[in-house]
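Biologist: I would like to learn how to read salt bridges in a protein model. Could you walk me through some?

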Amino acid sequence: MSMPQLDPSFILSRLQWPMRETGPVDVVIDTDTFNEIDDQFALVYAMLSTERMRVQAVYAAPFENRRSTGPTDGMEKSYEEITRVLKTLGVPERGWVFRGSTAWLPDVLTPVASEARDDLIERARQQSEDRPLYVVAIGAPTNVASALIAAPDIRKNIVVLWLGGHPLHWHTAREFNLAQDPHASGALFDSGVPLVLFPCRFVAEMISCSLAELDTHLAGRCPIGNYLTSIFRDYDDGSLQRPGRSKEIWDLAPLAWLMDNAWVDSAVEPSPILTDRLTWSRDARRHPIRVAQHIKRDPLFADFFSKCAATK
């Protein structure tokens, strides 16, 4: 994808953690919510963390695995799950949940139309440059990449936080979110948008939880706690009920950084090039991105459990 690049110093300023003194940040969430059970935790945490973030919209992202028949079905199931979670939280849908793409990008230059893409473009253009919109993307970046390709001018008004791929030193980038739509993933890295990357291996996988923790801290305390415990208990044919089992709640990673940068070690690096083999290629002349390197899961879950328990 070829477009005029933003000034590197501007990008670096965007990659700084947003200070609390500026008040809650504006957030949209792009989520393949029915793909697993971790997106639900992330959506709940964002909605309950009103002191730190104002959720403006939620976008249903496509996915394809054993829980869907293809990107269209996956996106629709994600849309339905978003509305279920919000209803359980007692939050009216209010017309700010949007359906996303029903197909993957055909190449790195061609966007796919969707309600989510169009809403993201509109919201980003309404945002002032001194108050960026934080785009928390926790699925395949199809909707986000489509918006960036269709409207590259929005780059100056947004910061993308994406969970995808593996650490840049790893021998492969192949991971579910990235590999679902390689064209969208490559376009995201090439776009020059301010990007905070949360790799899965060694980083987001640190955010694991057990059923015993949920039974102790969530179940029986509130409706959303009961819901999250229930989907955790039933996931993967109940295998998480076995002794010693835990489950990665990957998608909390970007929200952990937004909440408290002391919870996430990170570094600024040149944006990688995603190869056709889904490996990383490096070029030091590329624009900068921020890459998470380690996440402290204990303070994150302590805050999550506390906020859930405070709901009625």
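Biologist: How many salt bridges does the structure hold?

Modeller: Let's begin with the general idea: side chains of opposite charge can pair when their charged atoms come close. In this predicted model, there are 20 salt bridges.

Biologist: Which side chain meets Arg 131 in a salt bridge?

Modeller: That is Asp 26, with an N to O distance of 3.2 Å. This pair links distant parts of the chain, 105 residues apart. Arg 131 sits in the loop between helix 4 and strand 4, while Asp 26 belongs to strand 1.

Biologist: Are these two residues buried or exposed?

Modeller: Take them one by one. Asp 26 has a relative accessible area of 9%, so Asp 26 is buried. Arg 131 counts as partly exposed because its relative accessibility is 25%. There is also a network of salt bridges here, linking Asp 26, Arg 54 and Arg 131.

Biologist: Where do the partners Asp 303 and Lys 307 lie?

Modeller: Both are in helix 11, 4 residues apart, which is about one turn of the helix. Their side chains meet in a salt bridge at 2.9 Å, N to O. Lys 307 counts as buried because its relative accessibility is 13%, and the cut-off for buried is under 20%.

Biologist: And which residue forms a salt bridge with Arg 286?

Modeller: Asp 190 does, and the closest N and O atoms are 2.8 Å apart. Here too the pair links distant parts of the chain: Arg 286 is in the loop between strand 11 and strand 12, and Asp 190 is in helix 7, 96 residues apart.

Key. Residues numbered from 1 in each chain as written. Predicted model: local features only at pLDDT ≥ 70, side-chain atom pairs only at ≥ 80, totals over all residues. Heavy atoms only, no water. Salt bridge = Lys/Arg side-chain N within 4 Å of Asp/Glu carboxyl O. Helix = DSSP H or I, 4+ residues; strand = E, 2+ residues; numbered from the N terminus. Buried < 20%, exposed > 50% of the residue type's maximum accessible area, 1.4 Å probe, protein only.
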